[in-house]
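Welcome, and thanks for taking a look at this one with me. Below are a few numbered points to help you find your way around.

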Amino acid sequence: MATPSRKPARRGRQPRRRRRGLRLFGLLFRLGLLVAVAVGLGAVLYGIHLDELVYTKFEGKRWALPARVYGRPLELYVGRPLSVQQLTGELQRLGYRDESGAGSVGTWHVDGAQVLVHNRAFRFWDGVEPQRRLRIGLSDGVILDLTDADSGAPIALARLDPALIASIYPTHNEDRVLLRREQLPPLLIKTLLAVEDRKFYQHLGIDPKGILRAAIENLSAGRTVQGASTLTQQLVKNFYLTQERTLERKLNEAYMAVLLERRYSKDEILTAYANEVYLGQDGSRAIHGFGLASQFYFNRNLNELDVPQTALLVGILKGPSEYNPRRRPEKVLERRNLVIDLMAYHQIISRDEAEQAKQAPLGLREGGARPSGDYPAFIQLVRRQLQRDYREEDLRSEGLRIFTTLDPLTQSQVEGAVRERLPQLDEQRKFPPGTLETAVVVTSVAQGEVLALVGARDTDYAGFNRALDAVRPIGSLIKPVVYLSALERPEQYSLVTSIPDTPVSLRAGADWWEPQNYDRKVHGNVPLYRALAKSYNLATVNLGLDLGVNEVADTLNRLGAMRRIDRVPAMLLGSVSLSPVEVAQVYQTIAAGGFRAPLRTIREVLDASGRPLNRYPLAVEPVVGADAAFLTQWAMRKVVEQGTATWLGSRLPDGLVVAGKTGTTNELRDSWFAGFSGDRVVVAWVGRDDNKPTRLTGSSGALRLWGDIMATIEAQSLDLTPPGDIVVADACGSTGIPFSRDHVGVCGAGAEEDMLEAEEPPAVAAEPDEPAPRPAWRSGGSGGASNPFLSDFYGN
């Protein structure tokens, strides 16, 4: 019997298997499609999230911008005292360079007796100073002619761009100078694209061909030798993402780059990149953007860079740490020259220009864009005033532009005097170098503007600021306040009223207070003005006690001292402790004829768009009679002409009339001189941080520094014209003495005899000064009349 065939059965199972396979394939296909849809939907939703992130940050406040603090601009006008050396020095501080003909912006050139300056345009609070070529004619230290070098038209007033003296950085210490697209030089843009992203204007955020090319190069080399990130991707990485090297971050970078390109134009992206890119480190401060990098490395504006400087900035992009020009100049030079070759290859410059550019040095400027270290003592004062009106976060993020009263020329002259005089004083007193410290404050008389401030002999020191915070007994600097208080009573006191210079003995607790004159002598009856000129302690105490200690203290408060004053007799000889800036406020009021102008460091504040935010107008208040102030000034002139400051006669320029007062404290611990010309008030202090004796009087210490300063800064003589109620008369046995009009005869017994003594030649003022006794009572706190500037520095 034949075995039946099984082939039909096998044929029946194959279709069933095929059907099962098709069903499985269909299931997997549908599952895959569902996954693909889900992934696609997730990608879309994630893209919406990323797109919102891109939009929100790009449209919002992209960067926290530091506040920029500027010094006072150098004003040029016919008749201004200014030498060629001073002008060129200021131009060099501003980063101008010497160029024949001054054809480029930011250049200058001396042409015989004239100086050509191609100034930079700058927006001030009151308008824009235009860019133009100035021809400045100078002779004998004065501007004789000021014209437009191209048109020949006379110019009444021109201002140089002000020096950037500080930046108040964001908390994360990023710093940048924002530029608009039109401010990016074509040379920089062409070079940047040639080196970093040649297809920037063609791709949509990523460059697939570039990615493939880089992958092949990296695989061939066995390491990463070429990147493929577009400028858009680099912006995304720096602007939105972290620097971690992960696949997730790279995918996010590519995705966000496409989204960024979809929303914004190429120029907007390029501008953001130019402002965001990291280009180096300055201590804890990160340098971002080409605008700041140009100032940091070359101390020039970006539009003033030449070919090799532009190539250097673009070359640094590859790795600001690896290609740090100050640490690895040889490596950076090689990288810069490679960029220059690429510039020639892409026909941005010619081959000849490239060869010439490669011969140039790196051209780095030390100190470029490092304003935080230039004037630290002055900036501390600015910060204290700003904190009254602005929150700290606003100063660190809103891009405020703060115009201050600092005069860089005056500041540099003061610093030069400190650097020269302090070592001499150390050597004269046989101290180890660096023993003596100092503080100096310079203000304007009429406006009360702080023009210069030094808080230490190391003028770059950013620590303890002695001008603001060294609260020291002021010694005989108090005496003009005592005599001013008397002269406010014209019916009782005049300059020649006889004052008894006789012993004083007062009980102070369990002890007796018995002050003495510096020369240990008693001089009998002396004219009031001579008692001040010779700084007689006993005459001052007798006068102060007759006036009343409270009245003298009230006068000191009216003049601007804000501290609570212990109203005790020792105050009359300087037991009051003040800082140099407080002394400057008091003396500024006397110098201004009794009008108190609260000291100020800020002139204007603008927002990032240039709109005025806060105005700091001049505030003047009459607090002392003009007659009494003038008479006090006259007596203080005699301090210089006949008294303890006659040394100035051999130091100051001929014809410069000044007034002032020396001050010395117990055991020669503090040496002071405070004085003024017609337009400048200068206060100088010399002492030791350990409070040990300096072995210096006011005459042999601070006076010498004061004289060095006044001999170099621009200053006008005191106006000798008396107010309308003052007459110059012959009375009381003397001639040419100013009196209040209705009180010429207020003389006092013994005045005539002492006036004859006053006409004798003054003693040689090598050491003539007086120590104040060690204070038996200490000052503390603040009080007295309101002062909107100083009251916030010295708390209640």
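**Notes for a first look**

1. Helix 16 and helix 19 run roughly perpendicular to each other, because an angle of 65 to 115 degrees counts as such. Please keep in mind throughout that this is a predicted model. The angle between helix 16 (residues 479-487) and helix 19 (residues 549-559) is about 105°, and their axes lie 9 Å apart.

2. Which residues bring helix 16 and helix 19 together? From helix 16 come Val481, Val482, Leu484 and Ser485, and they meet Glu551, Val552, Thr555, Leu556 and Leu559 of helix 19. Sorted by class, this contact holds six nonpolar, two polar and one charged residues.

3. Leu556 is worth a second look. Besides taking part in the contact with helix 16, Leu556 is one of the residues lining the second largest cavity. About 30 Å³ of space lies in that cavity. Its lining also includes Ile474, Leu477, Ile478, Leu578, Val583, Val586 and Tyr587. The class count is eight nonpolar, no polar and no charged residues. Helix 20 (residues 580-591) gives the most to this lining, with three residues.

4. How many cavities of 30 Å³ or more does a search of the whole structure find? There are two, and the largest encloses about 50 Å³ of space. Among the residues lining the largest cavity are Tyr375, Pro376, Gln411, Glu415, Val454, Asp458 and Tyr461. Helix 12, helix 14 (408-428) and strand 17 (450-454) each supply at least two lining residues. Here the classes are mixed: seven nonpolar, three polar and two charged.

5. Now to the sheet. Five strands form an open sheet in the order 11-1-15-25-26, with mixed pairing. Strand 11 (164-168) and strand 26 (612-615) are at the edges with a single partner strand each, so one side of each has no neighbour in the sheet. From one strand to the next, the twist averages 20°.

6. Within the sheet, strand 15 (residues 401-404) pairs with strand 25 (residues 602-606) in the antiparallel sense, over four bridges. If you would like a spot to zoom in on, try threonine 404, whose bridge partner in strand 25 is isoleucine 602.

7. Helix 12 (residues 376-389) links two of these topics. This helix packs on the sheet, touching strand 1 (67-70), strand 11, strand 15, strand 25 and strand 26. Its direction makes about 50° with that of strand 11. Helix 12 also supplies at least two residues to the lining of the largest cavity.

Conventions
Residues numbered from 1 in each chain as written. Predicted model: local features only at pLDDT ≥ 70, side-chain atom pairs only at ≥ 80, totals over all residues. Heavy atoms only, no water. Pairing = 2+ DSSP bridges. Axes fitted to C-alpha atoms, helices over the stretch in contact; angles between N-to-C directions. Contact = heavy atoms within 4.5 Å. Parallel < 35°, antiparallel > 145°, perpendicular 65-115°, else oblique. Nonpolar A, V, L, I, M, F, W, Y, C, P; charged D, E, K, R; others polar. 1 Å grid on protein atoms, 1.4 Å probe; cavity = no way out; pocket = protein on both sides within 12 Å on 5 of 7 lines; lining within 4 Å. Points joined across faces, edges and corners; volume = space filled by probe spheres on them.
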